[in-house]
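Here's a quick tour of the protein on your screen. Start with the overall fold, then zoom in on one residue and its surroundings.

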Amino acid sequence: MKKLLLLALAAICVSAYAQAPTRVRGTIAALDGDVLSVKSRDGRDLKVQLAPDVGVTTAKATSLAELKGKYVGVTAISKGGGLVALEVHAIPPQAPAGHMPWDLQPGSTMTNANLEGIAQAGGGNEIVMNWKGGSQKILVPPGAPVVAFVPGSRADLKPGETIWTAARQEADGKLFAQRINVSKDGVRPPH
């Protein structure tokens with residue numbers, strides 16, 4: 001009975017591991033059929049298997065005013081007793097709401113919520129982010145990237161462009177992506 005329980009537990013762990021999202025950030029090296037070769041920001045050469053109907057969106061510069069009232073993600077760091085944005089970007093509604101640790105850089109956080117308010121403050125604009133059960137004020141300094149996304153296509157997946165995706169790592173270690181955010185005209189997706 002113990003062996004059966006251990007085997008069932010191992011199968012569950014492998015299944016959970018296979019479904020764990022892996023954030024892939026980097027520069028496109030090549031696209032060969034459905035395989036996207038990426039040089040990750042930490043220098044690794046990665047191969048990402050694209051779904052045949054992969055969704056591609058391209059980054060487009062926007063403003064806080066255009067994102068007001070929309071669901072956004074803000075990557076920030078703690079500084080001077082508050083949060084200071086590193087980047088602000090539109091996100092899909094299925095992204096989990098809340099305030100959580102993030103892996104952009106050591107000590108960074110991600111706040112996913114509705115951008116409810118914008119007010120001028122010393123050092124930039126202070127935004128108010130609200131989600132069910134929480135709220136966060138974040139200072140957005142001048143020069144912090146503010147990005148939206150527009151529909152793109154596989155033709156936008158060109159060598160030299162930067163990408164961000166939450167890929168699924170399969171049990172065999174392969175990365176699989178159903179959606180890719182890619183840079184365009186010098187505007188980069190969140191990194």
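A residue is called buried under 20% relative accessible area, exposed over 50% and partly exposed in between (1.4 Å probe, protein chains only). By that yardstick, 39% of the 191 residues of the protein count as buried. Keep in mind that this is a predicted model: local features need pLDDT of at least 70, side-chain atom pairs count only at pLDDT 80 or more, and totals for chains, interfaces and linings use all residues. Numbering runs from 1 along each chain as its sequence is written, and side-chain values use heavy atoms, with hydrogens and water left out.

You'll find two helices and twelve strands; these are DSSP runs (helices H or I, at least four residues; strands E, at least two), numbered from the N terminus.

Now for the core, meaning buried Ala, Val, Leu, Ile, Met, Phe, Trp, Tyr and Cys residues joined through side-chain atoms within 4.5 Å. The largest nonpolar core has 17 residues, and V74, V88, I127, M129 and I138 have the most contacts inside it. Each element below supplies at least two of its residues.

| Element | Residues |
|---|---|
| α2 | 64–67 |
| β4 | 71–79 |
| β5 | 82–90 |
| β8 | 124–131 |
| β9 | 134–140 |

Strand β7 does so too, and T111 sits in that strand (residues 109–121). T111 is buried, at 0% relative accessible area. Its side chain makes a polar contact with the side chain of H99 at 2.6 Å (N or O atoms within 3.5 Å, one able to donate a hydrogen and the other to accept it; residues adjacent in sequence count only if both atoms are side-chain atoms).
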